[in-house]
Amino acid sequence: MSAGVLSERGLFVCFEGGEGAGKSTQSRLLHDWLLERGETVLLTFEPGDTSVGKELRRIVLDPATGDLSDRTEALLYAADKAEHVDHVVLPALARGEVVITDRYVDSTLAYQGAGRTLDVGEVEAVARWATGDLRPHLTVVLDLDPEAGLDRLSGRDRIEGQSLAFHQRVRQGFLDLAAADPERYLVLDARAPVDEIAGSIRQRVAPLLERS
Ligand code: Z5A
């Protein structure tokens, strides 16, 4: 696999991690901090932040969908990513904005690859094709034991309802991706207090703003 495409304009930051790790909390806090600093920021998420993506999200997460072929699931997430990158992420980066996304390609490598045990290389090839191989400048992985993460949530969707072993493989999947490319990742212990995590993220993002 290639090193991918980094946007020359804007700044692309992703949040990744298992259920309940605090991605939504931390992406919102980073968004608010950047706004206070006068940045133009777009906060977005996968799956489901486009009109077609909303439909795809319903299919992949609704327990009523029942069993899907693993390949169908991977293709539905890839379709959501293609819509998201083409219609949301790339236009904002082209305008020179900071784009923060709550989940991106690493989620499919971890869930559909490591979790479902599809061939990770094949899942990656599809996801990279879907996204034009666009890579984040920084990916923040919030690492949490899946039992603790699932305890933080009130309900269970199709993916959250998978076995603990599935979620353990997903966690390891994120950690392996981060270990392979430490310059573009920040791994944080998601058990730390919210403000402490937010501070570590700001520290890492601040120098990147100089180039955006
Ligand atoms: N998925 C996939 O399989 N393939 C893909 O390519 C993509 C996604 C893109 C999307 O679910 C699902 O799709 C997801 C992966 C799969 N798996 N599932 N299910 P989603 O978008 O509905 O949900 P999520 O992304 O998994 O987020 P989440 O589970 O809702 O959690 P979170 O955003 O990481 O956490 P949070 O909402 O910020 O916090 C959860 C609770 O913990 C809340 O009460 C907070 O107040 C609390 N919290 C947050 N931080 C802390 C700290 N530091 N200490 C204590 N408590 C905290």
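How do the residues of the shell around the ligand divide into nonpolar, polar and charged? Keep that in mind as you go through these exercises; the model is a predicted one.

**Exercise 1. Sort the shell around the ligand by residue type and by element.**

Start with residue type. The shell splits into 11 nonpolar, eight polar and nine charged residues.

Next, pick out who comes nearest. There are 28 residues around the ligand, and E19, K23, S24, T25 and R103 are the ones that come nearest.

Now look at the space itself: the ligand takes up the largest pocket. Two or more residues of the shell come from each of α1 (23-36), α2 (51-61), α3 (70-94), α4 (105-115) and α8 (194-209). Of these, α4 gives the most, with four residues.

**Exercise 2. Find polar contacts of the ligand, then say how much of the ligand the protein buries.**

Take the ligand's oxygen atoms to begin with. One oxygen atom is 2.7 Å from an N or O atom in the side chain of R103. An oxygen atom of the ligand also sits 3.2 Å from a polar backbone atom of A21.

Then turn to nitrogen. A nitrogen atom of the ligand has a polar side-chain atom of E160 3.4 Å away. With a cut-off of 3.5 Å for N and O pairs, these count as polar contacts.

Finish with the area. On its own, the ligand exposes 1,100 Å², and 79% of that is buried by the protein.

**Exercise 3. Locate a salt bridge that links distant parts of the chain.**

The whole structure holds 13 salt bridges. Go to E73 and R158: they form one of them, with their closest N and O atoms 3.0 Å apart. Now place the partners. E73 is in helix α3, while R158 is in the loop between α6 (146-151) and α7 (164-180), so you can read this as a link across 85 residues, between distant parts of the chain.

**Exercise 4. Track down two backbone oddities.**

First, a reminder: most residues other than glycine have a negative phi, and most peptide bonds are trans.

Check R103. Its phi is positive, about 85 degrees, although R103 is not a glycine. You'll find R103 in the loop between β4 (98-102) and α4. Remember R103 from the ligand work, too: its side chain makes the 2.7 Å approach to a ligand oxygen atom.

Then check the bond from E46 to P47. That peptide bond is cis, with omega near -5 degrees. As for its place, P47 lies in the loop between β3 (41-45) and α2.

Terms used:
Residues numbered from 1 in each chain as written. Predicted model: local features only at pLDDT ≥ 70, side-chain atom pairs only at ≥ 80, totals over all residues. Heavy atoms only, no water. Near = heavy atom within 4 Å. Polar contact = N/O pair within 3.5 Å; in protein donor to acceptor, adjacent residues only side chain to side chain. Areas by Shrake-Rupley, 256 points an atom, 1.4 Å probe, with all protein chains shown as cover. 1 Å grid on protein atoms, 1.4 Å probe; cavity = no way out; pocket = protein on both sides within 12 Å on 5 of 7 lines; lining within 4 Å. Sits in = over half its atoms within 2 Å of the grid points. Nonpolar A, V, L, I, M, F, W, Y, C, P; charged D, E, K, R; others polar. Salt bridge = Lys/Arg side-chain N within 4 Å of Asp/Glu carboxyl O.
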